[in-house]
Amino acid sequence: MRREKLRGLAPLAEPGSPEHLRVRQLRARDLLRGDLGDEELDEHVSQSVLTTSLDKLLRWGASNSMFPMTFGLACCAIEMIAMVGARYDIARFGAEALRASPRQADFIILSGRVSIKMAPVVRRLYDQMLEPRWAISMGACSSSGGMFANYAVVQGADKFMPIDIHIPGCPPRPEALFYGFNKLQRAIMDNPDQGWRQRYNAVGTEEWAQDESIAGQPSDAAEQAYARARESVSGDA
């Protein structure tokens, strides 16, 4: 065993391993005593201080302190309930404080099929939520009607309210819900993942574009929307 003084380990240099924690403590002590010189102080500040903008800080705080609403529609709600358990623990992402009132929530997960009679109720709850607010469509039934291709079920929740993230599956596992939730967090922090239309250059395959092409000559609104979508793709590239 070799013994040597801690000061001999160059306390101003970055420790190379966890056992050098004492070296970092000495560095912090020298800073508080005022023993660091100009160059040493500049180096310490550059390694320890993180600067950002207020807007980014607010978005980071909003993405990590969301208040989901306790709301389940069908069998997907069982998978959604599992996210607060010890196995998955959504508290790791700051979204464990579920609220029973839409006036205290800013995040809703549509977990299950949405019937025609339930759609206006869901929309009213969404309008009563705090702003900014977000919504996840969980499962095939909520996203596209799923196996219920009939008059009683809405063929996609985006028909009557804005949806930020669609999660496929019947039902999707809690891991899939967490993946969609993380994508929503990145979108809130203004760093969203590209959609598949942007990744695979499939602009023009939207439902409205298909309807216009089937009807004949596209309308002016459709042409303008198509031009904006092309511009966004070229800007991302």
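**View 1. Asp 89 sits in the loop between helix 4 (76–81) and strand 1 (107–111).** In this predicted model, Asp 89 has a positive phi of about 55 degrees although it is not a glycine. Is Asp 89 buried or partly exposed? Its relative accessible area is 29%, so Asp 89 counts as partly exposed.

**View 2. Here is the chain as a whole, to help you find your way.** The chain holds 10 helices and 3 strands. Starting at the N terminus, the elements follow the order α-α-α-α-β-α-β-α-β-α-α-α-α. Of the 237 residues, 31% count as buried.

**View 3. The peptide bond from Glu 131 to Pro 132 is cis.** Its omega is near -5 degrees. To find Pro 132, look in the loop that runs between helix 5 (119–128) and strand 2 (134–138).

**View 4. A cis peptide bond also leads from Cys 170 to Pro 171.** Here omega is near -15 degrees. Pro 171 belongs to the loop between strand 3 and helix 7. Both Cys 170 and Pro 171 appear again in the next view, as part of the lining of the largest cavity.

**View 5. The largest cavity encloses about 60 Å³ of space.** How many cavities of 30 Å³ or more are there? The count comes to 2. Around the largest cavity you will find Ala 74, Cys 75 and Cys 76, then Gly 112 and Arg 113, then Gly 139, Ala 140 and Cys 141, and finally Gly 169, Cys 170 and Pro 171. By class, this lining has 7 nonpolar residues, 3 polar and 1 charged.

**View 6. The largest pocket holds about 730 Å³ of space.** Its lining is made of 21 residues, and those nearest the centre are Asp 164, His 166, Gly 195, Trp 196 and Arg 197. Which element gives the most to this lining? Helix 8 does, with 4 residues. At least two residues each come from helix 6 (140–144), strand 3 (165–167), helix 7 (174–188) and helix 8 (196–199). Sorted by class, the lining of the largest pocket has 8 charged, 8 polar and 5 nonpolar residues.

**View 7. Five residues make a nonpolar surface patch of about 530 Å².** They are Leu 54, Leu 57, Leu 58, Trp 60 and Met 189. Met 189 is placed in the loop between helix 7 and helix 8. With a relative accessible area of 32%, Met 189 is partly exposed. A residue needs over 30% to join a patch, so Met 189 meets that cut-off.

Technical notes. Residues are numbered from 1 along each chain as its sequence is written. This is a predicted model: local features need pLDDT of at least 70, side-chain atom pairs count only at pLDDT 80 or more; totals for chains, interfaces and linings use all residues. Side-chain values use heavy atoms; hydrogens and water are left out. On a 1 Å grid over the protein atoms alone, a cavity is a set of points where a 1.4 Å probe fits but cannot get out, and a pocket is an open set with protein on both sides within 12 Å along at least five of seven lines; lining residues have an atom within 4 Å of a point. Grid points are joined across faces, edges and corners, and a volume is the space filled by probe spheres set on the points. Ala, Val, Leu, Ile, Met, Phe, Trp, Tyr, Cys and Pro count as nonpolar, Asp, Glu, Lys and Arg as charged, and the others, Gly among them, as polar. Patches are made of residues with over 30% relative accessible area and no salt bridge: like charges are joined within 9 Å, nonpolar side chains (Val, Leu, Ile, Met, Phe, Trp, Tyr) within 5 Å. Accessible areas come from the Shrake-Rupley method with a 1.4 Å probe; for residues, only the protein chains shown count as cover. A salt bridge is a side-chain nitrogen of Lys or Arg within 4 Å of a carboxyl oxygen of Asp or Glu. Buried means under 20% relative accessible area, exposed over 50%, partly exposed in between (1.4 Å probe, protein chains only).
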